[in-house]
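Good morning, colleagues. Please turn to the structure on the screen, which I shall take one sheet at a time.

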Amino acid sequence: VFVIQSLGEKEFFLRTPTQPSRLDKVDLNKAVEFQPEEIRCLLKAGDWLYIPAGIWHKARAITPSFHFSVGVMADRPRTCDAQ
């Protein structure tokens, strides 16, 4: 996921998961597991951030703010019917 900050300031907190990845979302504020150290990133208007797949993240607005998130999926092989 690419995060593009277009207005204001926002803090992002990133950390690697300590449990296997799941499809459902996990509330990082309520997770009952060992919390490893987080990485803090402060984004200002015009900044961008790349968050790799599998990295847990949460955000907190410092000032009134707006950001875009753009997800990029890996291309998957397609099967073709040869006719």
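Strands β2 and β3 pair in the antiparallel sense, and six bridges join them. I should state at once that this is a predicted model. Across this pairing, Phe 13 stands opposite Arg 40, which belongs to β3.

The other pairing of interest here is between β2, residues 9–15, and β5; this pairing is also antiparallel and runs over six bridges. Two partners in β5 may be named as landmarks. Ala 59 is the bridge partner of Phe 12, and Ala 61 is the bridge partner of Lys 10.

Taken together, these strands form an open sheet of three, in the order β3-β2-β5, with antiparallel pairing. The edge strands are β3, residues 39–44, and β5, residues 56–61, each of which pairs on one side only. From one strand to the next, the twist averages 20°.

Is β2 mostly covered or mostly open? The strand is mostly covered, with six of its seven residues buried. For the chain as a whole, buried residues make up 20% of the 83 residues.

Let me now turn to the second sheet. This is an open sheet of three strands in the order β4-β1-β6, again with antiparallel pairing. Because β4 and β6 stand at the edges and have a single partner strand each, one side of each is left without a neighbour in the sheet. Here the twist averages 20° from one strand to the next.

Within this sheet, β1 and β4 pair in the antiparallel sense over three bridges. One position to look for is Ile 4, which stands opposite Trp 48 in β4.

Leu 7 also lies in strand β1. Which residues does Leu 7 contact, once its neighbours within four places in sequence are left aside? They are Ala 45, Pro 64, Ser 65 and Phe 66. The C-alpha atoms of Leu 7 and Asp 47 are separated by 9.7 Å, although these two residues lie 40 residues apart along the chain.

Several of these residues return in the next topic, the surface. A nonpolar patch is formed there by Ile 4, Leu 7, Trp 48, Tyr 50, Phe 66, Phe 68, Val 70 and Val 72, with about 830 Å² of accessible area together. Three elements give two or more residues to this patch: β1 (2–7), β4 (48–50) and β6 (66–70). Which of the elements gives the most to the patch? It is β6, with three residues.

Phe 68 is a patch member placed in strand β6. Why does Phe 68 count as partly exposed? The reason is its relative accessibility of 45%, because the partly exposed class lies between the limits of 20% and 50%.

For the whole chain, the accessible surface comes to about 6800 Å², and 58% of this belongs to carbon and sulfur atoms.

Let me close with the chain overall. There are six strands and zero helices, and from the N terminus on the elements run β-β-β-β-β-β. Of the contacts with a separation of 6 or more, 83% are between residues 24 or more positions apart.

In summary, the picture is of one open sheet ordered β3-β2-β5 and another open sheet ordered β4-β1-β6, with a nonpolar patch to which β6 gives the most residues. Thank you for your attention.

Methods
Residues are numbered from 1 along each chain as its sequence is written. This is a predicted model: local features need pLDDT of at least 70, side-chain atom pairs count only at pLDDT 80 or more; totals for chains, interfaces and linings use all residues. Side-chain values use heavy atoms; hydrogens and water are left out. Helices (H or I, at least four residues) and strands (E, at least two) are DSSP runs, numbered from the N terminus. Buried means under 20% relative accessible area, exposed over 50%, partly exposed in between (1.4 Å probe, protein chains only). Contact means heavy atoms within 4.5 Å. Accessible areas come from the Shrake-Rupley method with a 1.4 Å probe; for residues, only the protein chains shown count as cover. Patches are made of residues with over 30% relative accessible area and no salt bridge: like charges are joined within 9 Å, nonpolar side chains (Val, Leu, Ile, Met, Phe, Trp, Tyr) within 5 Å. A salt bridge is a side-chain nitrogen of Lys or Arg within 4 Å of a carboxyl oxygen of Asp or Glu. Two strands pair if DSSP finds at least two bridges between them. Axes are lines fitted to C-alpha atoms, for helices over the stretch in contact, and angles run from 0 to 180 degrees between N-to-C directions.
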